[in-house]
Amino acid sequence: MAERILIGAGVGSGVANGPAFVLTRPTESLALISTPGNRIGLIAIKKAMDKVAGDLENIKTAGAALEVTQALAMILRDPSLIEVVKSFLSEGLEAAEALKRAFDKFAKQLEQLGGYFAARAADLGYLRSRVIDELAGVNNGLDFPAEPFILVADSISPIDAAALDPKRVLGVITNHGTPTSHASIIIRAANLPMVVGVVDSELISTGDQLLLDATSGQVYVSPSQDDLAHYRNATHPDTALMEAILDGGPLEVSLFANLGSSIEAAHAIESGAEGVGLFRTELLYLGRQTPPSFDEQLAEYSALLARFGSKRVLVRVLDLDFDKPLPFLKPAGTGKYANRGLQVLLANPAVLQTQLEALSAAARLNPVSNLWVMAPMVLSAADASAFVSLARAAGLSKVGAMIEVPEVAEPSELAAILHEVDFLSIGTNDLTHYTLGESRESGSITLADTRQKTVLAIIETVVAAARAAEKPVGICGEAASDPVSARLFIKLGVDSLSASPALLPSLRAELS
């Protein structure tokens, strides 16, 4: 199976490598207590709620996890909740429907409060399910394999999160959930790497080898030996390397972090990132039927800029990295670059304009920020010019382009692009694949292939042109974190290298 990279929002820090265990819930407790004539009264429901509350209170945990489990127990013991259940039962509803409506009512009240409370509303669904399990006499607890594994689930409840054994669970991946959910708080407190909101996580099967990087929100399915070796020092830091980091002086280039959500900023800063060299905005868009609103984007971008102060934060606008466009985007382009990069956004100007305006507004809310914005996979100088015009109109001052296809490295085209933009960023992943004529799904390309003569010649051409134009140029592909490649890039004259926060300490040590 060829390597596939999925993205989500990283929670906590660390890297996990191991086989997947996909969690399923085979027993439907709701159906068991919803059979005709099965009348369950208030006393039985109250007993079930007290039992689940007691289980929560008896979970052996501490700190943030303890606060969460105690808070959930308090919800179940809230007299007003059982009164709502009672009122629905008095209307003639059966237990299952009465519980559903009561918990839904409480959830809506939390959602209306907004902010912290809205994020807690999802917990009510987990609590209701656990109470229904108790009423049905079903044990839907977690049944895990004996050997260590990475847990993959559609979602995970705070109750189940608190019961995870760090000696067996190497990391956690969920399709749904947020970095601020109760389950995420508990898992982060247990120092387990986690990635939530992973689109296409349902493609993972039990037994698949996974490499989970919580610092950048990336999940490698069937990772190559190249990637496994690359992450080895991140998984088990070498003492000598860490000492070298402390002893090493300033480098010839800036080292930035690749991030997928603002929640990952804390670990990037801890890892010594001098800023952000690639902020992937796709997580805001994936898995949706409509694009994120201006306000949703403003909140995420503002949180990101606030974490980095005056340090550079380079944001890439939406980049489609797959064959089928999102439901709200009109397809664009033909051939091997169809539905990729900037051309898709130019064909959907309203989506692009909202994103650019949200980024500009975030910069205004953070006046000390140093925001740079770039277009993905630019295919021509004309497209670059159109993007720059839209970005300037939105009020953005630092606007650049990603170089990811060999055609734009042709001297006249490259000169025309540099005339329009303020900086360039070289995406070595796609550039290597397209230059060598290999499909990204083939799994045959390695980090070392970026050092092949044909690829390196293009990178050298781009760097030389940028330096001649006196404009910054950096590397943000996977090869930037490979010390051998990084040294070559530095010799060619790049200004910066950007990599996963988990890989920055060992990269800095090697380059020192």
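Is Ser157 buried or exposed? In this predicted model, Ser157 has a relative accessible area of 8% and is therefore buried, since the limit for that class is under 20%. Ser157 is placed in the loop that runs between strand 4 (149-153) and helix 7 (158-162). A polar atom of the Ser157 side chain lies 3.0 Å from the backbone nitrogen of Asp160. When neighbours within four places in sequence are set aside, the contacts of Ser157 are Tyr126, Arg130 and Ala183.

A second loop residue, Ala332, was examined in the same way. Ala332 is found between strand 11 (312-316) and helix 14 (342-346). Its relative accessibility is 11%, so Ala332 counts as buried. With neighbours within four places in sequence again left out, Ala332 is in contact with Ala338, Asn339, Gln343, Val344 and Ala347. For one of these partners, Ala347, the separation from Ala332 is 15 residues in sequence, while the C-alpha atoms of the two residues are 6.4 Å apart in space.

Nonpolar packing was considered next. The largest nonpolar core contains 84 residues, and those with the most contacts inside it are Leu356, Phe387, Ile417, Leu424, Ile459, Val462 and Leu497. Another core, of 56 residues, lies apart from it and includes Leu23, Leu99, Val131 and Leu192. Ile417, for its part, touches Val378, Ser380, Ala381, Ala384, Ala401, Val408 and Leu424, not counting residues up to four places away in sequence.

Helix 18 (residues 428-436) has the buried residues Thr428, Asp430, Leu431, Thr432, His433 and Tyr434. These buried residues pack against two strands, strand 14 (423-426) and strand 15 (473-475), and against two helices, helix 19 (453-468) and helix 20 (483-492). After helix 18 comes Gly437, whose phi is positive, near 70 degrees.

The empty space inside the model was also analysed. Rolling a probe the size of a water molecule over the atoms shows where empty space is left. The count comes to 1 cavity of 30 Å³ or more, and the largest cavity has a volume of about 90 Å³. The lining of this cavity is formed by 16 residues, of which Arg312, Leu314, Leu424, Gly474 and Ser496 are the closest to its centre. At least two lining residues are supplied by each of strand 11, strand 14, strand 15 and strand 16 (496-499). By residue class, the lining of the largest cavity consists of 9 nonpolar, 5 polar and 2 charged residues. Leu424 thus appears in two settings: among the residues with the most contacts inside the largest nonpolar core, and among those closest to the centre of the largest cavity.

Key
Residues numbered from 1 in each chain as written. Predicted model: local features only at pLDDT ≥ 70, side-chain atom pairs only at ≥ 80, totals over all residues. Heavy atoms only, no water. Buried < 20%, exposed > 50% of the residue type's maximum accessible area, 1.4 Å probe, protein only. Helix = DSSP H or I, 4+ residues; strand = E, 2+ residues; numbered from the N terminus. Contact = heavy atoms within 4.5 Å. Core = buried A, V, L, I, M, F, W, Y, C linked by side-chain atoms within 4.5 Å. Polar contact = N/O pair within 3.5 Å; in protein donor to acceptor, adjacent residues only side chain to side chain. 1 Å grid on protein atoms, 1.4 Å probe; cavity = no way out; pocket = protein on both sides within 12 Å on 5 of 7 lines; lining within 4 Å. Points joined across faces, edges and corners; volume = space filled by probe spheres on them. Nonpolar A, V, L, I, M, F, W, Y, C, P; charged D, E, K, R; others polar.
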